[in-house]
Structures are given as structure tokens and as C-alpha cells.
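Me: I'm new to this one and would like a plain walk through it. Can we take it one question at a time?

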Amino acid sequence: MDFDDRAADLAWNSTSASTSTSAAAKRERLETLKNAATCFAQFEEASRALDRLDGAHLWQEDPVHPSYDYKLLQERLKQLKWLAKDANPDPQALSYLLRSTLSRNLGDMGSPCLYSHARIGTKQLVHEYIDQVCSQLDFLADSDFGDAFTIHDKMSFFRNVQRSFGSTALLLSGGATFGMIHVGVLKALHEANALPKVISGSSAGSIVAAILCTQESDNFEAAIDPHMTNREFYEDSSEVGNIFPKLYRFMNHGCVFDVEAFIKAARANLGGDITFQEAYNKSRRILNIAVSSSTRFEMPRLLNYLTAPNVVVWSAVAASCALPLIYRSAPLMYKNSKGVLESWNPSGHRWIDGSVEGDLPMTRISELFDVNHFIVCQVNPHIMPFLSNSLKESWLVRAANNLAYLIKSETLHRLNQLYEIGIVSRQLHRLKSILVQKYSGDITIVPNMVPSDYLHIITNPSNELTEYLTLKGERATWPKIPLIQNHVRIEMCIDQALLRLRARHIQKIPASSLSTAIKSEEALSTADEASEDSGDCGAGGARRKGSGPFFGKKHGSVDALSGLGISVAQEERRRRSLLRTESLL
């Protein structure tokens with residue numbers, strides 16, 4: 001499992017000095033270097049060299065292909081370029097064209113088939129179109145058109161485009177110790193500037209998602225550094241190698257591992273009793289954690305800063321990881337107005353592993369946050385053998401999928417028959433819940449595992465195992481980086497444009513008005529401030545009305561802040577920061 005980074009870098013540097021002219025030898029060398037890459041830059045360079053060697057770059061330069069509507073893309077690109085050539089471009093015409101034609105998958109340009117012909121990237125026409133759209137969006141946001149297209153017109157336009165274009169969510173599945181693979185996926189997406197704002201986790205995935213989303217956005221490296229986290233989730237150091245405590249718990253509580261040890265590690269990694277609302281305010285990332293009911297009378301829940309703002313994150317993680325026979329089911333805790341922890345459900349109802357009924361809660365996330373594109377990292381040990389990470393399905397994979405579908409359909413049919421004759425049990429209900437779920441997304445990242453990896457599926461990950469699994473996650477993500485980037489570039493461009501416009505709008509608000517607003521805002525309760533701060537969460541987010549003195553009343557330019565769903569005190573702090581760092585504008 002040990003990977004020698006230094007040897008890999010030396011091998012990488014030695015290729016430039018090679019003088020071999022054999023194409024086969026050169027291809028073999030490049031394949032070796034691609035497989036031994038320790039970062040995306042190395043993987044990308046080796047892949048592009050192989051594409052040039054095989055002539056795949058010629059395929060990329062030719063726009064024609066039956067897998068997408070290249071003529072539609074050419075026409076849209078021609079229209080955008082024609083408007084951009086005008087010495088005095090009409091912002092209304094440009095905004096109308098973008099709003100009426102902008103689509104995430106225009107002409108099926110996001111088809112995975114288009115990314116399977118070359119080792120890295122796709123048709124140049126697709127890249128050129130996305131570059132042109134982003135360029136025009138930045139032009140609309142940053143140019144001064146006077147009264148012809150005011151800042152309010154711009155913000156209205158970008159909000160509407162954001163709502164119609166939709167957003168992307170990253171879903172991290174369960175998988176016990178294999179959850180460390182998610183760390184490599186997050187690292188690869190962050191380095192490629194393609195990490196979505198909406199992140200969901202179930203079971204082991206909830207641990208990684210929670211650690212990331214409870215840290216400040218500029219503290220990413222420290223947040224995902226496995227060496228800075230407590231990894232004693234299964235057993236503390238006093239129980240390692242001692243089977244008797246596990247036997248005692250299994251005989252008395254029906255579980256092997258101590259949930260209290262898990263909670264201790266979770267609280268240490270999350271920085272204490274942080275709630276979903278506090279995590280969102282701190283990181284500006286939307287954390288979602290799925291939990292399943294311990295009975296068949298309750299629906300699974302998706303916890304986030306809208307549905308459970310005051311629920312403590314570590315309790316949600318503990319509940320989402322409470323796999324039967326492994327951990328005891330755990331109660332959800334919330335923080336009351338005095339900061340005291342209480343049970344979220346006074347009836348004492350408990351929750352179990354989120355993967356049992358909602359490993360990938362796509363429908364609920366789509367409703368809440370206007371998400372129409374899902375990136376899934378699937379590391380469930382019982383699911384990975386039936387999935388492939390290849391962008392192009394082989395006949396063998398298709399045959400295996402068809403066989404799995406046949407077995408699944410037949411099993412569901414027999415379970416339904418048992419339900420009809422009245423044979424209903426908790427175990428059958430959970431089995432049915434596992435079978436009916438969807439375990440893949442629009443883009444599914446599946447690591448390449450070997451049989452020996454399964455020996456470490458339920459164990460505290462060592463430093464060596466952590467590095468090994470993290471690298472597995474990175475290498476599974478790298479081939480799909482161009483596909484992911486082309487899906488998220490436009491939406492991220494829209495988000496950044498809105499951020500810049502809001503900053504400029506806030507700078508125009510008189511400082512005296514802001515100071516008055518801050519004094520009044522200090523009297524608002526935490527719930528009101530959290531409610532107002534959650535207003536800007538996308539089309540699907542529920543906006544609750546505040547009760548402070550500036551809500552529903554006109555106070556000059558300060559009223560514009562409540563229209564944006566932004567905390568006045570928070571924006572004053574942002575304004576001072578922006579004034580110190582003009583480059584952000």
C-alpha cells in the first residue's frame with residue numbers, strides 16, 4: 001500500500017531526457033507515468049502526450065460527431081461572437097440571448113461518450129463555447145452600461161439565469177473505512193476548481209462532508225488533512241486488540257463498537273457542538289446529512305440548515321453512521337436558545353445509518369436547492385462491484401448491469417408478494433429500501449478496488465491506509481475532471497458574478513446607514529439572523545421572514561440588504577474586508 005512519491009517524481013522528470021524513438025516504448029513509458037502520477041498536473045500532461053501520440057488531438061479538433069448536436073453549438077457560438085464584435089454591444093440583446101439559450105447540456109455536449117475518445121478533454125468546440133459563454137457573462141457583470149443596464153438589472157438577470165441553469169451537488173455515499181476515498185475526491189475537485197457548494201453525505205460520507213463544511217472556505221487544506229483528524233471512529237486506543245469489550249456490547253446492546261467513542265472522535269473533528277446553521281454561516285457550503293428511521297413508521301430525513309438549522313452536526317453524523325450490529329442507534333440533539341443541548345425528538349425516537357434508506361437523497365436536495373446535476377462518489381462495498389468508473393461502457397459491464405437488474409427486479413417482486421400476504425418485518429422493509437435506491441448520479445466516481453482492500457473495511461484507518469485510500473479517490477476522479485469542469489464552469493461563473501455585483505451594491509450603501517443597521521441588528525435573535533441569512537439559497541430554498549425592525553419597512557438603502565437576504569452586520573464586515581482587498585472586486 002506504500003506509494004513512493006519521490007520515486008514517481010524522479011521517474012516523471014526522467015522522461016524528458018529519454019531519447020528512445022520507439023512509439024511503442026514511448027507509449028508504454030507514458031502509460032506508466034500516467035498510472036504513477038501523484039497529482040492531476042502529472043496525470044494531465046501524460047494523458048495529453050498519449051493523445052498526441054495516438055492522434056486523439058485530431059479527433060478533438062474536428063467538431064463533427066454523432067453523439068451531440070455540433071451544429072447547434074456552432075450556431076450559438078456564432079451568435080455570441082457576433083454580439084461580442086460590436087464596438088458598443090447591446091446589453092439587452094446579449095442578456096436576452098444568454099437567458100433564452102443557456103442550458104447545462106446544450107446539444108448533449110455533456111454526454112460522457114464525448115469524453116471517452118481522448119484520455120483527457122473532449123471536442124474543442126465544446127470548450128470554446130463554454131469559454132465564450134463565461135466571457136460574455138463576465139462582460140455583462142463587469143461593464144458599465146449606465147441606465148441601459150443598471151446594477152439592479154444585472155442582479156435580476158443573474159438571479160434568473162442562476163435559477164434556470166440550476167446547480168450541482170456532490171453526494172458522498174456510505175462505505176465504512178472506504179469513506180476515506182471521499183477525501184481524495186474532494187482534494188481532486190478542489191484543485192480543479194470544480195467543488196460544488198452543495199454537499200451531501202450518508203454514513204461514512206457524512207463524516208467527510210461534515211468535516212469539510214464546518215471549516216472556513218479558505219481553510220480547505222487543513223480541513224481535509226487526514227493527519228489532523230481523529231480517526232478512532234471504531235474503537236479507541238484502549239480497546240485495540242481486545243475482543244472482550246466488543247463481545248460484551250454485542251451481547252448486551254446488539255452492536256460491536258462503542259457509539260460513545262465515535263461521538264468523541266466526531267466532536268473533536270467538528271470543533272465541538274456546531275449546528276447546521278452555524279456550519280453554513282462559517283463555510284458558506286450547504287451540508288446535507290441523510291438519516292434513516294429505526295422503525296418502518298418514519299420517513300428518512302435529510303438534515304441541513306433549512307430543515308434542521310439548530311441540530312448539532314456531530315449528532316447527525318453519529319445517527320447517519322449507526323449501522324445496525326455495528327453501532328447503537330443514536331438520538332439527534334439540537335442546541336436551544338440558551339446553547340444547551342436537548343433531544344431533537346422528545347419521544348425518544350432514534351435514527352440509523354443514512355445509507356439504509358437514503359444513500360443518495362437526490363430528490364430532496366433537488367427540491368430544496370434547485371439542483372439538477374449530481375456528482376456521486378460511490379464507495380459502498382456491496383455496490384462498487386456492479387459499477388464501472390469508465391466513461392465508456394464495455395459489453396461485459398452492460399451484461400453485468402443487466403444481470404444485476406434482473407436479480408434486483410426478481411427480489412423486489414418476491415418481497416412485494418410477501419407484503420401482500422401480510423409477511424412484513426423490519427428486516428424485509430430495510431432490504432427493500434436498499435434494493436429500490438439509485439446508487440449512481442449524472443457523473444459517478446467509482447474507485448478501482450482490489451479484493452485485499454476489503455480486509456480493512458471496518459477498522460480505524462492508519463496513516464498508510466489513509467494515504468492509500470486518498471490516492472485511490474484522486475485517481476478515480478482525474479479522468480472525469482474535464483467532464484465535471486465543463487458541467488460546473490458556467491454555474492460557478494454565474495455565482496462569482498453575483499458575488500461581485502453584491503459587493504459593489506453594498507459599497508454604494510452609505511456607511512451611516514450601515515452603522516445604524518448594525519446597532520439594531522444586535523437585538524435580533526440568532527434564529528432571525530439565521531433565517532435572513534438563509535434567504536439566498538437558490539430557487540428551491542425556503543425563505544423565512546425575519547422579525548427585526550428593518551424587515552418589511554423602508555430605511556433608505558439599508559432595505560436593499562433585506563431584499564438580498566443578507567445579514568447587515570455580516571455585510572458590513574464583508575465590506576471592510578473588500579475595501580482592504582480590492583482584488584476581490
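Reply: Sure. One term first: buried means under 20% relative accessible area, exposed means over 50%, and partly exposed is what falls in between. Keep in mind that this is a predicted model.

Me: With that in hand, is C39 buried, partly exposed or exposed?
Reply: The relative accessibility of C39 is 27%. Buried would need a value under 20% and exposed a value over 50%. Therefore C39 counts as partly exposed.

Me: And what about C113, buried, partly exposed or exposed?
Reply: C113 has a relative accessible area of 28%. That value sits between the 20% and 50% limits, so C113 is partly exposed.

Me: How many disulfides are there?
Reply: A disulfide here takes a pair of cysteine sulfur atoms within 2.5 Å. By this rule, the count of disulfides is zero.

Me: Let's step back to the whole chain. How many helices and strands does the protein chain have?
Reply: The protein chain has 585 residues, and 50% of them count as buried. Among its contacts between residues at least 6 apart in sequence, 77% join residues at least 24 apart. As for the elements you asked about, the protein chain has 25 helices and nine strands.

Me: What share of the exposed area comes from carbon and sulfur atoms?
Reply: The protein chain exposes about 27700 Å². Of this area, carbon and sulfur atoms supply 53%.

Me: Now the inside. Which helix gives the largest share of the lining of the second largest cavity?
Reply: Rolling a probe the size of a water molecule over the atoms shows where empty space is left. The structure holds three cavities of 30 Å³ or more, and the second largest has a volume of about 50 Å³. Two helices, α7 (124-142) and α21 (481-507), each supply at least two residues of its lining. The largest share, three residues, comes from α21.

Me: How many charged residues are in that lining?
Reply: The residues lining the second largest cavity include R104, M109, Y115, L483 and H487. By class, the lining has five nonpolar residues and four polar ones. The charged count is one.

Me: Is D453 buried or exposed?
Reply: D453 is found in the loop between β9 (443-445) and α20 (463-477). Leaving aside neighbours within four places in sequence, D453 is in contact with F178, Y468 and K472. Its relative accessible area is 5%, under the 20% limit, so D453 is buried.

Me: What is phi of A176, roughly?
Reply: A176 sits in the loop between β1 (167-172) and α9 (181-191). With a relative accessible area of 27%, A176 is partly exposed. A176 is not a glycine, yet its phi is positive, at about 55 degrees.

Me: Where does D370 lie?
Reply: D370 is a residue other than glycine with a positive phi, near 55 degrees. Its place along the chain is the loop between α17 (362-369) and β8 (371-377).

Me: How far apart are the C-alpha atoms of R301 and R364?
Reply: R301 is in strand β4 (residues 301-303) and is partly exposed at 33% relative accessible area. Not counting residues up to four places away in sequence, R301 touches I289, A290, V291, W344 and W351. R301 and R364 are 63 residues apart along the chain, and their C-alpha atoms are separated by 9.2 Å.

Me: One more distance. What separates the C-alpha atoms of L247 and F257?
Reply: L247 is in helix α12 (residues 244-253). At 44% relative accessibility, L247 counts as partly exposed. L247 and F257 are ten residues apart along the chain, and the separation of their C-alpha atoms is 9.4 Å.

Key:
Residues numbered from 1 in each chain as written. Predicted model: local features only at pLDDT ≥ 70, side-chain atom pairs only at ≥ 80, totals over all residues. Heavy atoms only, no water. Helix = DSSP H or I, 4+ residues; strand = E, 2+ residues; numbered from the N terminus. Buried < 20%, exposed > 50% of the residue type's maximum accessible area, 1.4 Å probe, protein only. Contact = heavy atoms within 4.5 Å. Areas by Shrake-Rupley, 256 points an atom, 1.4 Å probe, with all protein chains shown as cover. 1 Å grid on protein atoms, 1.4 Å probe; cavity = no way out; pocket = protein on both sides within 12 Å on 5 of 7 lines; lining within 4 Å. Points joined across faces, edges and corners; volume = space filled by probe spheres on them. Nonpolar A, V, L, I, M, F, W, Y, C, P; charged D, E, K, R; others polar.
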